[in-house]
Amino acid sequence: MNRPENLKKLYFKDTSFASLMTHRIYNILLVASKYDAFMLEEDGRIDEQIFNEYTALNLRYAPRFTLASTIEEATELQRTRNFELVIMMPVGDSREVFELANLFKRNKPEVPIVLLTPFSGEMLNRIFGRQDFDDIDYVFSWMGETDLLLAIVKLIEDKMNVDDDIKSVGVQAILFVEDSIHFYSTILPYLYKHVFVQSRSFMTEALNDHEQMLRMRGRPKILLARNYEEARDLYLKYERNILGVVTDIRFPMNGEINAIAGIELIKNLRLRDPFLPIIVESSEEQNREVVERQKCHFINKNDRTMHLLLKEAVTSNFGFGDFDFILPDTGEVVAKVRNLKDLQNQIKTIPTASLYYHMSHNHLSRWLYSRAMFPLAEFLRELRISNVSEIDEARQVIFDAIVAYRRIKNKGVVAVFISDRYDTYSNFARIGEGSMGGKGRGLAFLDQLSKRNMEFYEYDNTQIVVPKTVVLCTDKFDEFMESNNLYSVALSDLPDEEILKRFLQAELPRQVVGDLYAYLGAVTNPIAIRSSSLLEDAHYQPFAGVYSTYMVPNVQGHRITTLMMICEAIKAVYASVYYHASKSYMLATKNVISREKMAVVLQEVCGEPHGDRFYPSFSGVARSLNFYPIGDEKPEDGVVNLALGLGKYIVDGGQTLRFSPLHPKNILQTSTLDFALRETQTHFNALDISKTTFEPMVDDGFNLFRLPVRDAEPDGTLRYIASTFDPYDQVLLDGLYEGGRKVITFSNILEHEVFPLADLLDKVLKVGEREMGRPVEIEFAVNLDYEKNEHNTFYLLQIRPIVDANKSIDEDLTEIPAEDRFISSANALGNGILSDICDVIYVKDGKFSQANNQLIGYDIDKFNKQLMNENRPYILIGPGRWGSSDPWLGIPVKWPNIAGAKVIVEAGETSYHIDPSQGTHFFQNLTSCGSVYLTVDNIGEQEFFDSEYLSRAEVIAETEFIRHVRFAEPLVTKVDGKKNLGVVLKAEAKN
């Protein structure tokens, strides 16, 4: 069997229908007598009829007609306006028409001219007998039908576009050979209408309304030839793209009418393509036998049902309509295929004799060509089998090719969710007509981005994809809220638990529940139900991580059980819009809670099951700007945080491995044995998939395991990402060895490149920043193929802008005198100048400890609420990592607890070497609100914290653990994020 190429390396480039049919006829100059003009304009209402004709056939861009009834009027119009087509209707002595045509051609030779004459033998003889036709492109016989005008327009548009469209995507063409003006004037409208109807049938392969309209542009072109030489030249020029031929037998050849010109044409075509469909129409019945000997379809022109016979012949021979698989010996239909999904489902069960017959005659590829599936058709056209024994292998190749094509076709398109079409190979769909929200838009953008950037296809053993996604749009949120009368509850001051309870008692729209049931038939992994509000991940105020995200097990064989859990999770996500933390965030960002709307993203969770837990090989957050460069790193090199297991561990501030994609071996955390043992990941998150009940809690991580890293060793997921500590030799060994603590270093990936993570992330970040037009943050997860390392998957989970990253500081902060600085940091996150802060909240000396840190968090939350109510921004100072959920690492506050802090400082007494957890939701929100983050770690000339200075300020309030002080003058803060420098000036500083 001759395969076109290795299917694993085959990339089915999706057809760009938007690039087709770029040359259009928008304006037509119609030159006719006043009487003809009256008939067309008043009685015939030509503009209205042609518009209705276009609308009925789902066509766009109906042309407008401008009528001219005198030569002078026509000449003036042609001089002053642009027309893509001129149609002339001769009256009486035809000499004026030809003189005008000659004049028009001299002025604008590129504009085609059509002669439209009433059907009359006498009129045609007079026209052809007297005049030179060099300036006339086509002559048609006019009986008052608007469908002929449509056929004329489309014939000329086809001629204008055929070269570009065939070269661009491989559009097909039908060659129509006929010299009889009366006959082709009659047949062309029927032929075009049939093509348009066929095009509407393959519109069903489109994924949304816009794509349906665009796919019409991929319909077969019709090329009219009026003599042998013209037919021969057109065929030779477009040979690989001729869908079929319709031809007469008697027409001009070598300048004279030839009774067998059509026979000669057929013989020549058969020599070049023995399987080319050819339909012969002739008024001479004696030609039938010779035509059928050439394996062509014969139609008698004199048959009263000639139009129906032609339609049937075109349908069966050119691949139009459904595909009937027949047994060649008997003609019995053994399978019927309506669309590509049908073909995929039936290809392995079609009888061998039938499949061999159709494949050996190129019928399958022709059917696909006629339905505008050009890449797949081209592939199958080159798939040749030499004998029946190769059929089973061919079945698998065809199946794999259809799967590959459907995946790339679905990629990058937001489809309308249709329950009976959504299947395993669908990728991204929407339920509803409202907005998809910030996260939904970001995912759709990522899906499109990953499709159109060819560098994402350079990795032979790795796919870069967006997980299977369905978005429940905001109009469904509105419907849910209104039908259940929930706004009064939502906007009240009820506790979060009570709001959640009321939402869970409500009902989702019935149509939504039905669609979700269909969706579950196409997914096998657990499902993440993610918030996607209008404000979430917006360019200027991203609400990252403010709302809930739940993960739901997918109980195989119990779809109803899973459906019920998903419905509960969706209602819980809706409820999270109105939790206290969300309302605080609204207040901090000066947004109005009633304007917020929630879409919900349903997405397959990336990973594999391991007993009763489910998680990916690893997850990460990558940023195209690195505010904490070390060594040779530059801010524009980007930064990545990696962790074993689910990504929630990262965004909640867990300990991760940090590196720059351009410097993957430059890792501070593994630079010494002490650092590696103390500052690498010790726990990971996994989804508990053992439970078949789901009762959402305000804490959306209630059904996630927090497990020690050692628990992953039996799962085999530490294979490429862990090193082993040898306690006897006191060394860290790359890889897994018996005994010894397992340390998450990602050494085999970053040092030995068993998986091209660094290079891949560098490409993803650069493409994301280029396409979004600003620095970006990207969440991702990876599933590794531990068996052969041949089928790895890199999942793009979210993209959002890094807000306000382009502000710059003009001055050199290092030149500010030390005596003017209260805090100085060489490890600063953020940009800009803050000059309106007089308040400071700080943790008292000696109070930072695991036992106290939760209580400290409660105190800070109270002070934060008070200062926010007073609209007073403040500086927050304390040891350890702010925003960590681990009290060992820092004070476990979430963003709403410190939403009023404009400057956050890690400084003071601590022996911890804590890597600031940038890239998390916590830090995304800090930067979105214009806050800055300063880390004071190594005391020196450019890095210090004058804690004594705080004692000079007025004490406003204090608790056992924290103190609130206020200065009479503002403490000006300046941060140069490009250089990672930041200072807080003393209130009395003159700078």
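**Aromatic pairs, a helix crossing and three asparagines**

Biologist: Starting with Phe480: buried or exposed?
Modeller: Phe480 is buried, at a relative accessible area of 0%. The cut-off for buried is under 20%. Keep in mind that this is a predicted model.

Biologist: How many aromatic pairs does the structure hold?
Modeller: There are 20 aromatic pairs in the structure. One of them joins Phe480 and Phe503, with ring centres 6.0 Å apart.

Biologist: What is the angle between the planes of Phe480 and Phe503?
Modeller: The planes sit at 45°, so the pair counts as tilted. Stacked would need under 30 degrees, and edge-to-face over 60.

Biologist: Which helices hold the two residues?
Modeller: Phe480 is in helix H19, residues 474-483. Phe503 is in helix H21, residues 496-505. The two are 23 residues apart, and the pair links distant parts of the chain.

Biologist: And Phe503, buried or exposed?
Modeller: Phe503 is buried, with a relative accessible area of 0%.

Biologist: Which residues form the aromatic cluster with Phe480 and Phe503?
Modeller: Phe477, Tyr574 and Tyr578 join Phe480 and Phe503 in one aromatic cluster.

Biologist: Switching to strands. How is the pair of Phe780 and Phe794 arranged?
Modeller: Phe780 and Phe794 are stacked. The rings are 5.1 Å centre to centre, with 15° between the planes.

Biologist: Where in the chain are Phe780 and Phe794?
Modeller: Phe780 is in strand E32, residues 776-783. Phe794 is in strand E33, residues 792-801. This pair also links distant parts of the chain, 14 residues apart. Phe780 counts as buried at 1% relative accessibility, and Phe794 counts as buried at 0%.

Biologist: Helix packing next. How do H14 and H17 cross?
Modeller: The axes of H14 (residues 352-360) and H17 (residues 391-410) come within 11 Å and cross at roughly 70°. That makes H14 roughly perpendicular to H17, because 65 to 115 degrees is the range for that class. H14 passes H17 in a left-handed crossing.

Biologist: Which residues of H14 and H17 meet?
Modeller: From H14, Thr352, Leu355, Tyr356 and Met359. From H17, Ile391, Ala394, Arg395 and Ile398. The contact divides into six nonpolar residues, one polar and one charged.

Biologist: What comes after H14, where Asn362 lies?
Modeller: Asn362 is in the loop between H14 and helix H15 (363-370). Its phi is positive, about 60°, although Asn362 is not a glycine. At 22% relative accessibility, Asn362 counts as partly exposed.

Biologist: And Asn485, what is its phi?
Modeller: Phi of Asn485 is near 50°, again positive in a residue other than glycine. Asn485 lies in the loop between H19 and helix H20 (487-490). Asn485 is exposed, with a relative accessible area of 63%.

Biologist: What about Asn853, buried or exposed?
Modeller: Asn853 is buried, at 0% relative accessible area. Asn853 belongs to helix H29, residues 850-869. Leaving out residues up to four places away in sequence, Asn853 touches Phe848, Pro887, Gly890, Ile891 and Pro892.

Biologist: Last bit, the whole chain. How many helices and strands?
Modeller: The chain has 30 helices and 45 strands. Of its 991 residues, 59% are buried.

Biologist: And what share of the contacts join residues at least 24 apart?
Modeller: That share is 74%, among contacts between residues at least 6 apart in sequence.

Conventions. Residues numbered from 1 in each chain as written. Predicted model: local features only at pLDDT ≥ 70, side-chain atom pairs only at ≥ 80, totals over all residues. Heavy atoms only, no water. Axes fitted to C-alpha atoms, helices over the stretch in contact; angles between N-to-C directions. Helix = DSSP H or I, 4+ residues; strand = E, 2+ residues; numbered from the N terminus. Parallel < 35°, antiparallel > 145°, perpendicular 65-115°, else oblique. Left-handed = near helix turned anticlockwise from the far one by under 90°. Contact = heavy atoms within 4.5 Å. Nonpolar A, V, L, I, M, F, W, Y, C, P; charged D, E, K, R; others polar. Phe/Tyr/Trp six-rings, centres within 6.5 Å; stacked < 30°, edge-to-face > 60°. Buried < 20%, exposed > 50% of the residue type's maximum accessible area, 1.4 Å probe, protein only.
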